[in-house]
Amino acid sequence: MNISSFLRTTQTALSLRRSFNCWTAGITKTHRKAYFNTYPIILVLPDGSSINIEYEYEPRRIITLPINLSALTPEERKIRLEKRRPVTRVKMIEEYQDDFDETQFYDFKK
């Protein structure tokens, strides 16, 4: 028996494994030693697509992953950085000209 044929058969035996897909996840349970509370979360990827996941740490509705700024064009990068900057609103304080003269009502006093 040739050693290369023996190695080939062991490699094929080692490459046999169970493939996980949506059907096995639906039929079997989650195998783990400690069962934590999980919360259904919507995870939004940087390209805009979203997937539903189970999140263990705290209840949230949605988690968005950050965008890689180095992959954007300079114009898009500038727009993104401008959106991150806090908005400073200018408060307009109007000064009223008070031309009320109380002396004109002295005659109405009893």
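User: In the hairpin of S1 and S2, which residue takes a positive phi?
Analyst: This is a predicted model, so keep that in mind for every number here. Strands S1 (residues 39-44) and S2 (residues 50-55) are joined as a hairpin with five residues between them. The one with a positive phi, near 105 degrees, is Gly48.

User: How many bridges hold S1 and S2 together, and in what sense do they pair?
Analyst: S1 covers residues 39-44 and S2 covers residues 50-55. Within that pairing, Ile42 faces Asn52, and Leu43 sits opposite Ile51. The sense is antiparallel, and the count of bridges is six.

User: And S1 with S3, which sense is that, and over how many bridges?
Analyst: Look at the same S1 residues again: Ile42 stands opposite Ile62 in S3, while Leu43 stands opposite Ile63. Here the strands run in the parallel sense, and the number of bridges is three.

User: What order do the strands take in the sheet, and which ones are at the edges?
Analyst: S1 pairs with S2 in the antiparallel sense and with S3 in the parallel sense, and the sheet's pairing is accordingly listed as mixed. The sheet is open, with the order S2-S1-S3. Each edge strand pairs on one side only, and those strands are S2 and S3 (62-64).

User: By what angle are neighbouring strands of this sheet turned against each other?
Analyst: The figure is an average over neighbouring strands in the sheet, with direction ignored. That matters here, as the pairing is mixed. The value is 35 degrees.

User: Which residues does Ile62 touch, once its neighbours within four places in sequence are left aside?
Analyst: Ile62 belongs to strand S3. Its C-alpha is 5.7 Å from that of Ile41, although the two are 21 residues apart along the chain. With the sequence neighbours set aside, the contacts of Ile62 are Ile41, Ile42 and Val44.

User: Where does Arg60 sit, and is it buried, exposed or partly exposed?
Analyst: Arg60 lies in the loop between S2 and S3. Its C-alpha is 7.6 Å from that of Tyr39, at a sequence distance of 21 residues. Beyond neighbours within four places in sequence, Arg60 makes contact with Pro40, Ile41 and Tyr55. Its relative accessible area is 38%, so Arg60 counts as partly exposed.

User: Which geometry does the aromatic pair have?
Analyst: There is one aromatic pair in the structure. It joins Tyr55 and Tyr57, whose ring centres are 5.6 Å apart. The ring planes meet at 80 degrees, and planes over 60 degrees apart get their own label, so the pair is edge-to-face.

User: Is Tyr57 buried or exposed?
Analyst: The cut-off for exposed is over 50% relative accessible area. Tyr57 comes in at 66%, so the label is exposed.

User: What share of the residues counts as buried?
Analyst: The chain has an accessible surface of about 11500 Å², and carbon and sulfur atoms own 57% of that. Among contacts with a separation of 6 or more, residues 24 or more positions apart supply 2%. Of the chain's 110 residues, the buried share is 6%.

User: In what order do the elements run from the N terminus?
Analyst: The chain holds three helices and three strands. Starting at the N terminus, the order is α-α-β-β-β-α.

User: Which element has the lowest mean pLDDT, and which the highest?
Analyst: The chain averages a pLDDT of 76, with 67% of the residues scoring at least 70. Where pLDDT is low, coordinates shouldn't be read in detail. The lowest mean is 55, for H1 (residues 3-15), and the highest is 90, for H3 (residues 74-84).

Definitions and conventions
Residues numbered from 1 in each chain as written. Predicted model: local features only at pLDDT ≥ 70, side-chain atom pairs only at ≥ 80, totals over all residues. Heavy atoms only, no water. Helix = DSSP H or I, 4+ residues; strand = E, 2+ residues; numbered from the N terminus. Buried < 20%, exposed > 50% of the residue type's maximum accessible area, 1.4 Å probe, protein only. Contact = heavy atoms within 4.5 Å. Areas by Shrake-Rupley, 256 points an atom, 1.4 Å probe, with all protein chains shown as cover. Pairing = 2+ DSSP bridges. Axes fitted to C-alpha atoms, helices over the stretch in contact; angles between N-to-C directions. Phe/Tyr/Trp six-rings, centres within 6.5 Å; stacked < 30°, edge-to-face > 60°. pLDDT = per-residue confidence, 0-100.
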